[in-house]
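Colleague: I am new to this structure and would like a close look at a single part of it. Please take one helix and its surroundings, and go through them step by step.

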Amino acid sequence: MRVRLTTIIIVVFLSIASALTVGPIVYLFFMSLKTSGDIWRRPLSLPDILHWENYIYAWQAAKLSRYFINSSIVVVTSVLISTLIASLAAYAFAYHKLKARELLFTLFLMGMMMPPQIMMIPLFNLMRSLGMLNTYQALIGPYVTLGIPLATLIMRGFFESLPREILEAAKIDGASDLRIFWRIMLPLSLPGLGAAMIINTISFWNEFLFALIFMSEEDMYTIPLGLMAFRGEFSVEWAPLAAAILIAIIPLILLISVFQKQFMRGLTAGAIKG
């Protein structure tokens, strides 16, 4: 009876959590198929006529396609660079007996504790003096810097979970540290790499503050900033906005759906010493 009661509680809790997660997305989908007038008059009803043209309007007329390209360039570049640097740092912190290694690692992770808001003014002045405002580099630089600490934490835990005998055998065979990293440790750490890349992808894709500060030209807007274009002076185009939001979150949903097993394995691997 106790086992059955526990199972029922868990099922009920997970069902409620799933409804709270999926429900807004389903409502947003039906909202995107209405007109803005129908949303105001009957917000909870199903659409009488499916207005698929909202997606066409959001993608073409509202320039969401351009914002999508901008976000893709910035996010992919930032994730690749930050993951590479974090992997190298994590390898050093995991396998090299550096002096004050734990202190250096703690200082390294302090980047996770620093609120991005305190960087706004100095970063804006720096980007303006370098002539980098309204360029991809204005976002890639801060994104890489903010993404490295968490990725390093994840990758170090994963490296430490791997058997050290692999490293020692490679060193006996005369392999250099760089060769061991590229040919052995990095391929074995793909789940950790995947977890770090997914977390940073979600964070960078949804980032709004830096884009708002550094991008003033509409052609350089990223998706979070571009969604503001649906807000007029006196009204909001709710139906196209709902369609645009769905288009924006589809890549993230697909990313999590396809790589969820690798993501969970990468997050939990550091808890077990191999």
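Modeller: What follows is a walk through helix α6 and the loop after it, with some of the wider chain for context.

The model is a predicted one. The chain holds 13 helices and zero strands, and of its 274 residues, 37% are buried. Its C-alpha trace spans about 70 × 70 × 30 Å along the principal axes. Among the contacts in the chain with a separation of 6 or more, 75% are between residues 24 or more positions apart.

Helix α6 covers residues 120-130, and its buried residues are Met120, Leu123 and Met127. Viewed down the axis of α6, these buried residues fall within an arc of 75°, so they line one face of the helix. The other side of α6 carries Ile121, Arg128 and Ser129, which are exposed. As for what the buried face meets, the buried residues of α6 pack against α7, residues 137-161, and α11, residues 209-214.

Leu123 shows this packing for a single residue. Leu123 sits in helix α6 and has a relative accessible area of 18%. The cut-off for buried is under 20%, and Leu123 is buried by that value. With neighbours within four places in sequence left aside, Leu123 is in contact with Pro142, Phe210 and Phe214. Pro142 is 19 residues from Leu123 along the chain, and the C-alpha atoms of the two are separated by 8.5 Å.

Next comes the end of the helix. Gly131 follows α6 and has a positive phi, near 70°. A little further on, the loop between α6 and α7 contains Asn134. Asn134 is not a glycine, yet its phi is positive, about 60°. Most residues other than glycine have a negative phi. Asn134 is also buried, at a relative accessible area of 15%.

A residue outside α6 can be read in the same way. Ala89 belongs to helix α4, residues 64-95. Ala89 has 15% relative accessibility and counts as buried. Not counting residues up to four places away in sequence, Ala89 touches Phe108 and Thr152. Between the C-alpha atoms of Ala89 and Phe105 there are 9.3 Å, with the two residues 16 apart along the chain. Phe105 has a charged residue over its ring: Arg156 lies over the face, at 4.3 Å from the ring centre.

Aromatic residues also group together elsewhere. The count of aromatic pairs comes to 16. One aromatic cluster is formed by Tyr91, Tyr95, Phe159, Phe181 and Trp182.

Last, a pair of helices further along the chain. Helix α9, residues 177-188, and helix α10, residues 190-205, pack at an angle of about 65°, and their axes are 5 Å apart. That angle makes α9 roughly perpendicular to α10. On the α9 side, the residues that meet α10 are Leu186, Pro187 and Leu188, and their partners in α10 are Leu190, Pro191 and Leu193.

To return to the part you asked about, α6 has buried residues on one face, and those residues pack against α7 and α11. Its other side has exposed residues, and Gly131 comes after the helix with a positive phi.

Definitions and conventions:
Residues numbered from 1 in each chain as written. Predicted model: local features only at pLDDT ≥ 70, side-chain atom pairs only at ≥ 80, totals over all residues. Heavy atoms only, no water. Buried < 20%, exposed > 50% of the residue type's maximum accessible area, 1.4 Å probe, protein only. Helix = DSSP H or I, 4+ residues; strand = E, 2+ residues; numbered from the N terminus. Arc of directions from axis to C-beta. Contact = heavy atoms within 4.5 Å. Phe/Tyr/Trp six-rings, centres within 6.5 Å; stacked < 30°, edge-to-face > 60°. Lys NZ or Arg CZ within 6 Å of the ring centre and 35° of its normal. Axes fitted to C-alpha atoms, helices over the stretch in contact; angles between N-to-C directions. Parallel < 35°, antiparallel > 145°, perpendicular 65-115°, else oblique.
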